[in-house]
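Visitor: I'd like a quick tour of a protein and its RNA partner. Can you bring it up?

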Amino acid sequence: MRRYPVIVVTREMSRLVREALQAAQTAGKIPEFDLDGVDARASKRAEQGDYSAALMPFARSARISPLQLAQIAVEYLPEAESVSRAEAVAPGYVNLFLSEDWLRSQLEAIYTEADDLYRLQIGQGKRAQVEFVSANPTAPLHIGRSRGAVVGDTMARLLEAAGYDVQREYYFNNAGAQMRNLGNSLRIRYLEALGQTVDLIDSERETFYQGEYLRDFAHELALEKGDAWVNEDYQVFKAYAEQKMFEMIKATLNRVDIHHDIFFNENSLYESGAIWEVLEELDRRGYVYKAAKSAVSDQQGDDEESGGKAEATWFRSSNFGDSKDRVLVKSSGEPTYTLPDIAYHKDKLDRGFDLLINVLGADHYTQYQVVRSGIQALEMDASKIHVIIVQLVAILRGGEAVRMSSRKGDFETLDDLIDQTSADAVRYMLLARSSDTHLNFDLDLAIKKSTENPVYYIQYAHVRCAGIFREAVARGVRVQNPDLNLLGEPELKFLRKVLELGETIELSASAFEPHRIAFYALELANAFHPIFDNVRVLASDVDPAVAQARLYFFGAAQIVFRRVLHLMGMTTPEVM
RNA sequence: GCCCCCAUAGCUCAGAGGAUAGAGCGUUGCCCUCCGGAGGCAAAGGCGCAGGUUCGAUUCCUGCUGGGGGCACCA
């Protein structure tokens with residue numbers, strides 16, 4: 001059995017205050033009332049203790065003043081080695097001060113936990129799946145997609161830290177018209193590569209993928225196959241392009257240390273017949289009808305030109321609050337993407353996960369709601385699905401927005417971005433914002449002034465710790481039985497910040513807000529650097545016993561920074 | 001027209017209904033030259049507007065203003 005010597009401090013402090021109030025209730029000092037909402041938080045100011053609980057909301061239930069309630073809580077507070085002192089303060093706070101001995105003892109816990117530091121139990125025994133990226137395999141990974149990639153992978157890492165068994169999945173959208181267009185575009189490039197001039201017909205002109213990467217594929221193909229494929233139709237080209245695209249996307253993701261466990265092919269939903277089963281099921285429940293136009297449409301008065309056309313198959317999404325019904329099968333007999341999407345989500349639910357996370361771009365939100373309606377129509381448990389909407393990324397160059405279009409090929413890819421900055425910088429910059437705010441990615445800043453990026457400030461903390469140990473080794477200094485009582489207030493101050501990692505992981509994982517770890521990392525670095533500056537280890541005026549304790553401390557600090565950087569998918573450089 | 005997101009320091013952004021709203025960058029002034037220099041300290045500077053709920057609102061609700069995105073028989 002694994003032991004968990006490191007505790008989430010907010011949990012522990014909340015527990016103590018609740019137990020105190022419960023004891024007071026048992027003793028008849030205050031009436032019985034629900035204590036669930038009693039929570040402690042890290043205090044903002046040192047004079048307000050290390051953690052505090054606001055009891056004002058409970059004064060009414062307790063039928064005494066908030067301050068009296070706080071005083072009673074202090075009076076009945078159970079003994080705990082983590083707390084040295086507690087005080088009641090107006091208007092009704094209980095301020096808790098961490099024991100310094102206990103703080104020091106956490107250093108040993110950090111060494112024990114090491115790379116598993118703050119692996120929590122909240123997800124223990126539960127399976128979670130994070131679906132992210134899921135970009136169409138028609139072009140290299142676009143920078144707009146990379147935000148979801150980073151957010152999704154970091155979310156997965158945080159869920160792992162919270163104790164979940166996590167699976168990363170990529171929904172590989174390899175069916176439908178777009179893939180046909182991709183195959184056809186490659187066919188045309190292939191013919192060009194063989195020296196033929198190809199005139200595009202009108203329909204091709206609109207759907208042609210112009211990116212440079214298809215020329216590259218075509219050249220390889222021409223070298224490999226010669227003119228053997230000149231009379232082939234789009235299908236062989238499609239298969240070839242898909243395979244190449246798949247490899248390319250995986251290679252790109254690999255550069256930012258993102259690895260999916262499963263690539264789920266949309267095609268398989270066609271091959272297994274799953275989409276038709278879903279259609280039948282929806283039909284059986286009365287949510288499907290055939291018509292030339294929607295029976296319910298919003299006020300906009302669209303669909304004018306649809307009169308007299310062949311009938312499509314519609315889903316009554318308006319029953320679930322949608323402004324209009326949506327097409328599941330086109331009049332051509334070909335499904336829209338909605339039908340396989342619903343089938344895919346049904347499949348994920350059928351696989352028995354406790355938690356499903358979907359990382360989606362804001363432009364897919366409406367579509368997701370249709371899918372969710374579909375899941376509800378199938379009477380499946382949609383509450384297991386949590387969506388992280390990432391707002392769009394605006395790329396700024398020279399203070400102006402860069403236009404992004406994957407059709408025209410003037411995009412900025414994730415590969416470009418990594419080339420021009422670094423994998424670490426890309427991960428940090430895309431992570432360090434709340435997902436539901438728009439993100440301005442200043443390309444100039446990211447390219448030319450990497451020193452201004454906080455990513456280096458954070459990594460530098462790790463580098464500095466490593467530097468001390470390099471020097472210590474060079475001088476033949478080794479840690480042996482350090483006396484932790486020789487550590488001073490600056491070191492304990494840093495430790496207090498370290499202990500907030502637990503609640504950061506807990507909150508990130510339970511609220512699906514991975515950006516919190518990025519801000520925590522910066523705060524931790526902020527707490528670290530001033531201390532590093534003042535707390536010398538190997539300087540000549542430092543007592544050897546003190547040096548031992550400090551070396552032990554910086555070793556722990558390095559473990560913490562390594563853990564935090566790993567949680568963000570970043571590297572842990574030893575030198576910079 | 002309808003739906004979603006956003007509005008906090010000069011800029012980019014944090015902020016789980018609680019005490020005196022925080023970082024980074026930029027600006028200004030200062031410190032150290034060491035086991036580290038991509039270093040440290042300090043200052044100036046802020047919750048779009050109007051209501052509501054609450055003991056208490058940057059946080060929740062409504063409206064307004066401003067910005068972004070979406071509302072296909074495209075994916």
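Visitor: What percentage of the residues of chain A count as buried?
Guide: Keep in mind this is a predicted model, where local features need pLDDT of at least 70, side-chain atom pairs count only at pLDDT 80 or more, and totals for chains, interfaces and linings use all residues. Residues are numbered from 1 along each chain as its sequence is written, chains are lettered from A and ligands numbered from 1 in written order, and side-chain values use heavy atoms, leaving out hydrogens and water. Buried here means under 20% relative accessible area, with a 1.4 Å probe and protein chains only. Of the 576 residues in chain A, the buried share is 52%.

Visitor: How many residues surround RNA strand B?
Guide: A residue is near the strand if one of its heavy atoms lies within 4 Å of it. The closest are Arg-45, Tyr-93, Tyr-337, Asp-436 and Phe-532, and the full count is 64.

Visitor: Which element gives the largest share of the surface near RNA strand B?
Guide: Helices (DSSP H or I, at least four residues) and strands (E, at least two) are numbered from the N terminus. Chain A has 21 helices and 15 strands. With nine residues, the largest share comes from α20.

Visitor: Which residue has a polar side-chain atom 2.3 Å from a phosphate oxygen of RNA strand B?
Guide: A polar contact is a pair of N or O atoms within 3.5 Å. Asp-436 uses a backbone N or O atom, 2.3 Å from a sugar or linking oxygen of the strand. The phosphate oxygen is partnered by Lys-324.

Key: Polar contact = N/O pair within 3.5 Å; in protein donor to acceptor, adjacent residues only side chain to side chain. Buried < 20%, exposed > 50% of the residue type's maximum accessible area, 1.4 Å probe, protein only.
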